[in-house]
Amino acid sequence: MTALRHLLRDPVAALGLALVLFAIVVALFAPWLAPYPEDAFESRLLQRLKPPSAEFPFGTDNLGRDILSRVILGTRSAVVVAVSVVLAAMLIGVPVGLWAGWREGWVSETLMRVTDVFLAVPQLILALALGQLMAPGLTTAMVALALTYWPFFARTVHAETRRLRGALFVDALAGIGASTPRILLLHVLPNAAPAILVRATIGMGFTILTAAILGFLGVGAAPPSPDWGLAVAEARQHLPEAWWFPTFPGLAILLLVLGFNLLGDGLRDVADPRLRRGR
Amino acid sequence: MARYILRRILLALPALFGLVLLTFVLTRVIPADPAATLAGDAATPAQLAEIRARYGLDRPLWEQAVTHMRQVLSGDLGSSIFSGRPVMEEIVFRLPATLELTFVALLLATGLGVPLGLLAALNHNGPIDHLARLISVGGLAIASFWLAIMLQLIFAMDLDVLPLRGRIDVALGAPPTVTGFFLVDSLLAGRLDLLVDTLRHLALPAVTLCLPGLASIARFTRSGVLETLQKDFVLYAQAAGYGRVRLAAIYVLRNAVTVTVAQIGLLFGALISGAVAVEAIFDWPGLGTYAVQAILSADYKALLAVTLVVGVVYAVVNVLVDVAQALIDPRVAEQVK
């Protein structure tokens, strides 16, 4: 609770939290919020490429679908992709980091060298290669993103575990006979939680951006899905006439990523007062 | 210092070796059958078998791994299964275009980001500071492909002041190839018109690409300067009567900028990633466009070669960055021992 109060005292972080909460609400209630929910799949060629109006606040796309509805419906897939990719990456990265940080020996060494290999190529390039080699599609893109994001968690948790391993309270726990799983799960992990949380929040924004690029390049979501990146790609053939077509899906990406980044920034300040911006 | 540099290079080797292995695993263990992709849907089993034999896909896995390793080490990344030309040749031909674009973007990012971060820190909690924060958070949140399209829409389509796509005007033609960098080559040929045209073509893609870099450089410079300003030697210099400008430029910036330099290595990865989408949008004839074409034509040989080359370039840049950091701040090299 104190942490939350700290967070809300920073207006910029509060804005980030508000944007993220707004996106989650939109994602949850998307089919009820969208003015034309059936526009996820149906096309109406008679009203294609109409500029923004009272009837269609964001205009219509090349198949006559309401862009506002599709932006709202696309929020759900963006949030679902971000959450599942980051969770999956955590499930791989956190145990690897804990183990490699706690134990010495060739297993730990190997794990961290594997992490290095994954970090030796920019994430997007690796995700593209992975996504292409497994049949392209949204699921593949998500697997590829998770497989390329876990090393970031492994690094973070490894560093935290290494730091805590030498702490006095950990020695004391070992002294009174606490088992290794108990020390790691009940004592080390909670202490590493703030760093993991910050990494996860920033990872959400990062994942949404990368997933949008994959969708844009045709390695992610497939038509007629109301994916934001895909919409921007489809819009390219209708420029400069239909300026509204790429503008609004792109703004949606911007606002959601901005929300996660601002929130991540604010959380970092709360988690680690040494890095506090306001100083 | 020499020992530090050598050590840093040796440390980069295992990761590169792992990368070569990883690219092999990617092509062989992941199910999509490359032979089937190559032959198309209508292929007969006999044709499939012939293709497998020609590309060595019928050999045992370990044998393929050894062959893969040997080929990569000798610089042979195979032939594109689409065009039939050696992949390495196509990459070498395209690499300068990508490097030129990323270097110009990096230059813009550093040239604008460092002063912005410095001004923000000196103007702590003032209007410039808030502006810098907006730029640094917004710059990281904006999707490069979207920004590229928006800039095209405004500056190339509506206002018609900058070219829409390409690296140089086709009517003018490329300068005679010496380095492959058009900026350098046009100067060497003494053709100022080509230089201007190259710059005009560079403007939009470079600005798009530099934004995330500018954002993080400004941010790290700002926090580095703020931290340095707390140090005793700054207080001493202030007490000794140094002016603000001299203090900032000589004492603070050099100490603060080591953090920023370390950041540039990481940034380079972001730049290369960004270049994929940005190049595809601006029809920039570099590695990014090549990678996108490889994806569209399911040319896994080309895609893996791009992954490898990017990995090597990335490793080289990171070694250079670490060395630069050690040169600016000798304590970095000391710490490693």
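At 7% relative accessibility, B:F24 counts as buried in this predicted model, because buried means under 20% relative accessible area. This phenylalanine belongs to helix α1 of chain B, which covers residues 2-29. Setting aside neighbours within four places in sequence, the contacts of B:F24 are B:L61, B:Q64, B:A65 and B:H68. One of these partners, B:A65, stands 41 residues from B:F24 along the chain, yet the two C-alpha atoms are separated by 6.7 Å.

**Chain A as a whole**

Chain A contains 11 helices and 0 strands. Read from the N terminus, its elements run α-α-α-α-α-α-α-α-α-α-α. Taken along the principal axes, the C-alpha atoms of chain A fill a box of roughly 75 × 45 × 30 Å. Of its 279 residues, 55% count as buried. Among the contacts in chain A with a separation of 6 or more, 69% join residues 24 or more positions apart.

**Two helices of chain A**

Helix α4 of chain A comprises 36 residues, 67-102. At 1.5 Å a residue it should span 52 Å, and its end C-alpha atoms are 51 Å apart, which agrees. Within α4(A) there is a bend of about 25 degrees at A:M90.

Helix α7 of chain A comprises 28 residues, 138-165. Its expected span is 40 Å, and the end C-alpha atoms are 40 Å apart, so the two values agree. A kink of about 30 degrees is found in α7(A) at A:Y149, shortly before the proline A:P151.

A:T156 also lies in helix α7 of chain A. With a relative accessible area of 17%, A:T156 is buried. Not counting residues up to four places away in sequence, A:T156 touches A:A195 and A:R199.

The same helix holds a pair of charged residues, A:R163 and A:E160, which are 3 residues apart, about one turn of the helix. An α-helix has 3.6 residues a turn, so residues three or four places apart point the same way. The side chains of A:R163 and A:E160 meet in a salt bridge, at 2.9 Å from N to O. The arginine A:R163 is exposed, with a relative accessible area of 52%, whereas the glutamate A:E160 is buried, with 16%.

**Salt bridges**

Side chains of opposite charge can pair when their charged atoms come close. Over all chains, the structure holds 16 salt bridges. In chain A, the residues A:D61, A:R65, A:R70 and A:E234 are linked in a network of such bridges. Individual pairs with their N to O distances are listed below.

| Acidic residue | Basic residue | N to O distance |
|---|---|---|
| A:D265 | B:R219 | 2.7 Å |
| A:E160 | A:R163 | 2.9 Å |
| B:D193 | B:R191 | 3.2 Å |
| B:E89 | B:R85 | 3.9 Å |

Both partners of the B:E89 and B:R85 pair are partly exposed: B:E89 has 47% relative accessibility, and B:R85 has a relative accessible area of 41%. The pair of B:D193 and B:R191 is likewise partly exposed, with a relative accessible area of 37% for B:D193 and 35% for B:R191.

**The interface between the chains**

In the interface, 49 residues of chain B are in contact with 46 residues of chain A. Together the two chains bury about 4,200 Å², and 74% of this area is on carbon and sulfur atoms. On the side of chain B, the residues that lose the most area to chain A are B:R133, B:F145 and B:W146, which together make up 17% of what that side buries.

The count between chain B and chain A is 1 salt bridge. A:D265 and B:R219 form a salt bridge through their side chains, at 2.7 Å from N to O. The two chains also have 3 residue pairs in polar contact, with both residues at pLDDT 80 or more.

Several elements of chain B give two or more residues to the side that touches chain A: α1, α6 (127-141), α7 (144-158), α9 (192-229), α11 (244-282), α12 (287-296) and α13 (300-328). The largest share of that side, 8 residues, comes from α7(B).

Technical notes. Residues are numbered from 1 along each chain as its sequence is written. Chains are lettered from A and ligands numbered from 1 in the order in which they are written. This is a predicted model: local features need pLDDT of at least 70, side-chain atom pairs count only at pLDDT 80 or more; totals for chains, interfaces and linings use all residues. Side-chain values use heavy atoms; hydrogens and water are left out. Helices (H or I, at least four residues) and strands (E, at least two) are DSSP runs, numbered from the N terminus. Buried means under 20% relative accessible area, exposed over 50%, partly exposed in between (1.4 Å probe, protein chains only). Contact means heavy atoms within 4.5 Å. The expected span of a helix is 1.5 Å times one less than its number of residues. The bend at a residue is the angle between axes fitted to the seven residues ending there and the seven starting there. Buried area is the accessible area (1.4 Å probe) that two parts lose on being put together, summed over both. A salt bridge is a side-chain nitrogen of Lys or Arg within 4 Å of a carboxyl oxygen of Asp or Glu. A polar contact is a pair of N or O atoms within 3.5 Å; within protein, one must be able to donate a hydrogen and the other to accept it, and residues adjacent in sequence count only if both atoms are side-chain atoms.
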